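Student: I have the sequence and the model open. Can we go through the fold step by step?
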Amino acid sequence: MGKETGFLELDRKDRTYGPVEDRLKNYNEFVVPLSPEALKAQASRCMNCGVPHCHTGCPVNNIIPDWNHLVYEDDFRNALEVLHSTNNFPEFTGRICPAPCEAACTLNIIDEPVTIKSVECAIVDKGWQEGWITPQVPEKRTGKAVAVVGSGPAGMACAQQLARAGHSVTLFEKNDRVGGLMRYGIPDFKMEKHLINRRLVQMMAEGVEVKTSVEVGVTVSVASLKENFDAVVFAGGAEDPRPLAIPGFELPGVRYAMEFLTQQNKRNAGDDELRAAPRGTLSATGKHVIVIGGGDTGSDCVGTSNRQGAASVTQLEIMPKPPTMEDKALSWPFWPLKLRTSSSHEEGATRDWAVLTKRVIGDNDVKGLECVRVEWKGGKMQEIEGSEFTLEADLIFLAMGFLGPRKAGMLDQSGVELDARGNVKANVFEYRTSDEKIWSCGDMRRGQSLVVWAIREGRQCARSVDEALMGVSQLPR
C-alpha cells in the first residue's frame, strides 16, 4: 500500500493550526490543510504491514490502506468511494475523531504514524468540492416505515442507511436543529455546522423526513410511534450530566458545560440571546473561569472561554497527570493513556491534576473554589493532609462526563429495560431492546462515547432493523 519505501524516505507531517492570535478572534475552523503534494507524500507512507491494525483501531473499520494508496495515485474519486463504504460522514470524523486508527498504526511503534485523519478529511472535502457527493436515492421503496429518535451521528447514520435501503424514515429531533450534541456540544472552531447542514440536505433528498422541535415522550408519545411505524430506533445521546455534590454547587455561577457550549453555538448560528440563553447569559468575558473535568468537553470550555475574553482559565482533573509518552510495549496497538494537549490548551490555560474540589465560596455570586490535592494508591484516592488551597473563581463549569441518557419522558414512557449503567439495554448484534419493536444505538445504548462509535452503531443498527423488516439485508455492518 502506498509507496513501498515511503515510510523509510519520509517523516510524518500533519496539518497545522492558524496563529493563536488570529483564531481567538472568531469561532471558525483554523486547521491548515496539507498541500496536494504533501498529502500524496503522506499517503505514500502507508506501508504494506501485513496486518493493518489501523482497521481494528478504527470503530467504523475504515479500509485505510486502500484509500491511502488511492490518494498516493491521485485517484481521489475511488478513494472517496472506499471511504464512504464504511463511514457515512468522514468530514465529521476527519475533524473531531481522536484518531485511534493512528494509535494502532504500525508506524506508531516509532511515534511516526501515518496521518490517517488528515488524509480522510482531505478525501471527503475534495469530494464535496468536486460535486462527487450526491444523494443515493433507492430504486425501490419497501413500504415499511421507521422512526429514528435523535439526530446526532448515530441517528443520522441509521436514518441514512435505512432510507437508502428503501424504507420511509422519519427523523425526530427535540431541538430546533439537527445534529444533537455534535451540533450544540462541539464548538464551531472544531467543526463548523454547515457540514451537518450539507449532509442533512443530502439525506432529505434520499427520502428522510425530518421533524425538529419534536420531543418524543413529550410532544409525541412512544405509543403513537409504535402504532404508526413498523420499527422505532432510539438514537439519542447520553445527556444526563454528572453533578458536583459539594457545598455551593447550587450557586448561579456553577453551571454544566453543555449549557455554556450550547449557548455559544446557538449565537454562532444566528439565534438572538433569548433563544440562545433562555436561562440567562453565560459569559466568560473578564472572568476567572474554572473548568472541572479534564476531558474533551472541558477542553472545549477552555477554548470557548478564551474566545470570550476570560481573565483566566483553569482546568482541574481529579485523576493524576498521565505520562507524556505511553509504553509502546504495553499499549500498542490499543488506545494509550498519555498526556494530551489540545489546541484549546495551547491558546492559554492552567491545567492541574489530582485535585479534589471541596467547596464553592460565595454568597449570591461565586468567589472562589476550595480544593485539596489527592494521591492514588491501589486504585483508591486519599486526600493529602495540609494540601488545601483556594482558587479565585467567578464562573465554574462542570465537565465531568455523563451518567447516561435522561430517563424522564421517552425512556420512562417506553418501559424498555436498562442496563446496570442506566443505558438502554441492547446488544451489538441486533441492537434490539426488550421491546421487540424498538431498537437502540449510539450513546443512549453504550453511554457517552465518540462520534465515530455513534456512526458505527447507527450503521449496524440500521442493518438489524432492515433485516428484521425484510428478512434479509444488503446493508453493510
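**The sheet and the cores**

Student: In what order do the strands of the open sheet lie?
Tutor: This is a predicted model. The open sheet has five strands, and their pairing is parallel. Read across the sheet, the order is S5-S4-S3-S6-S18.

Student: Which strands stand at the edges, each with a single partner strand?
Tutor: An edge strand has a single partner, so one side of it is left without a neighbour in the sheet. That applies to S5 (209-211) and S18 (438-440).

Student: Which residue in S5 stands opposite Thr-170?
Tutor: Strand S4 covers residues 168-172 and runs parallel to S5, joined to it by three bridges. The residue in S5 opposite Thr-170 is Glu-209.

Student: Which strands does helix H21 touch where it packs on the sheet?
Tutor: H21 spans residues 451-470, and its direction makes about 160 degrees with that of S18. The strands touched are S3 (145-149), S6 (231-234) and S18.

Student: Which helix gives the most to the largest nonpolar core?
Tutor: That core has 68 residues, and those with the most contacts inside it include Trp-67, Phe-92 and Val-465. With eight residues, the largest contribution comes from H21.

Student: Leaving aside neighbours within four places in sequence, what is Val-465 in contact with?
Tutor: Val-465 is among the residues with the most contacts inside the largest core. Sequence neighbours within four places are set aside here. The contacts are then Val-146, Leu-162, Ala-231, Val-233 and Trp-439.

Student: How many residues has the second, separate core?
Tutor: Its members include Val-216, Val-220, Val-222 and Met-410. The count for this second core is 18 residues.

Key: Residues are numbered from 1 along each chain as its sequence is written. This is a predicted model: local features need pLDDT of at least 70, side-chain atom pairs count only at pLDDT 80 or more; totals for chains, interfaces and linings use all residues. Side-chain values use heavy atoms; hydrogens and water are left out. Two strands pair if DSSP finds at least two bridges between them. Helices (H or I, at least four residues) and strands (E, at least two) are DSSP runs, numbered from the N terminus. Contact means heavy atoms within 4.5 Å. Axes are lines fitted to C-alpha atoms, for helices over the stretch in contact, and angles run from 0 to 180 degrees between N-to-C directions. A nonpolar core is a set of buried Ala, Val, Leu, Ile, Met, Phe, Trp, Tyr and Cys residues joined through side-chain atoms within 4.5 Å. Buried means under 20% relative accessible area, exposed over 50%, partly exposed in between (1.4 Å probe, protein chains only).
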